[in-house]
Amino acid sequence: QVQLVESGGGLVQDGGSLRLSCVASTSIFALYHMGWYRQAPGKQREFVATIRRDGVTNYADSVKGRFTISRDNTKNTVYLQMNSLKPTDTAVYYCNAAFDIRGLGSDVGSWGQGTQVTVSS
């Protein structure tokens, strides 16, 4: 299992920006598919964005045009740049890594501990 450590969360005002980072402890990071997911209080965890090992990205409709996922394989890190944040983006954000694309977003992959993002109105 890959160990993942997220950082970059915090409190920001409506319309603000944050950049989340997730560092993976593996020597073969470039071979992993990576994703960001979030869980708001009282809700199920939901998909935010994914980036495949070939660099292809995918976004939830709710964040398209506002969030950007990227990866730096030299730093074993995946990022989530979040702009134009809304109070509805408030959640714990989790990083996920999977060697098989079919496992991305599930417990087949590895999860980080999460980082809290709070957007105030």
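Start by selecting Ile 28 in this predicted model: the residue is partly exposed, with a relative accessible area of 36%. You will find Ile 28 in the loop between strand 3 (18-25) and strand 4 (33-39). Now add Leu 31 and Phe 99 to the selection; together with Ile 28 they make a nonpolar surface patch of about 260 Å².

Next, go to Glu 6, in strand 1 (residues 3-7). Which side chain of opposite charge is nearest to Glu 6? That is Arg 45, 8.0 Å away, and the buried Glu 6 has no salt bridge. Show the backbone nitrogens around Glu 6: that of Cys 95 lies 2.7 Å from a polar atom of the Glu 6 side chain, and that of Gly 114 is reached by the side chain at 2.9 Å. If you display the contacts of Glu 6 beyond four places in sequence, Ser 21, Cys 22, Trp 36 and Tyr 93 are among them.

Now for the salt bridges, of which the whole structure has six. Pick Asp 89 and Arg 38, whose side chains meet at 2.9 Å, N to O. Asp 89 sits in the loop between strand 8 (77-82) and strand 9 (91-98) and Arg 38 in strand 4, so this pair ties together parts that are 51 residues apart in sequence. Both residues are buried. Add Glu 46 and Arg 66 to see the salt-bridge network that links them with Arg 38 and Asp 89.

Two further stops remain. Arg 52, partly exposed at 34%, pairs with Asp 54 at 2.5 Å between the closest N and O atoms. Finally, select Lys 64 and Asp 61, a salt bridge with its closest N and O atoms 3.3 Å apart; Lys 64 is partly exposed at 49%, while Asp 61 is exposed at 65%.

Terms used
Residues are numbered from 1 along each chain as its sequence is written. This is a predicted model: local features need pLDDT of at least 70, side-chain atom pairs count only at pLDDT 80 or more; totals for chains, interfaces and linings use all residues. Side-chain values use heavy atoms; hydrogens and water are left out. Patches are made of residues with over 30% relative accessible area and no salt bridge: like charges are joined within 9 Å, nonpolar side chains (Val, Leu, Ile, Met, Phe, Trp, Tyr) within 5 Å. Accessible areas come from the Shrake-Rupley method with a 1.4 Å probe; for residues, only the protein chains shown count as cover. A salt bridge is a side-chain nitrogen of Lys or Arg within 4 Å of a carboxyl oxygen of Asp or Glu. Helices (H or I, at least four residues) and strands (E, at least two) are DSSP runs, numbered from the N terminus. Buried means under 20% relative accessible area, exposed over 50%, partly exposed in between (1.4 Å probe, protein chains only). Lys and Arg count as positive and Asp and Glu as negative; His and the chain ends are not counted. A polar contact is a pair of N or O atoms within 3.5 Å; within protein, one must be able to donate a hydrogen and the other to accept it, and residues adjacent in sequence count only if both atoms are side-chain atoms. Contact means heavy atoms within 4.5 Å.
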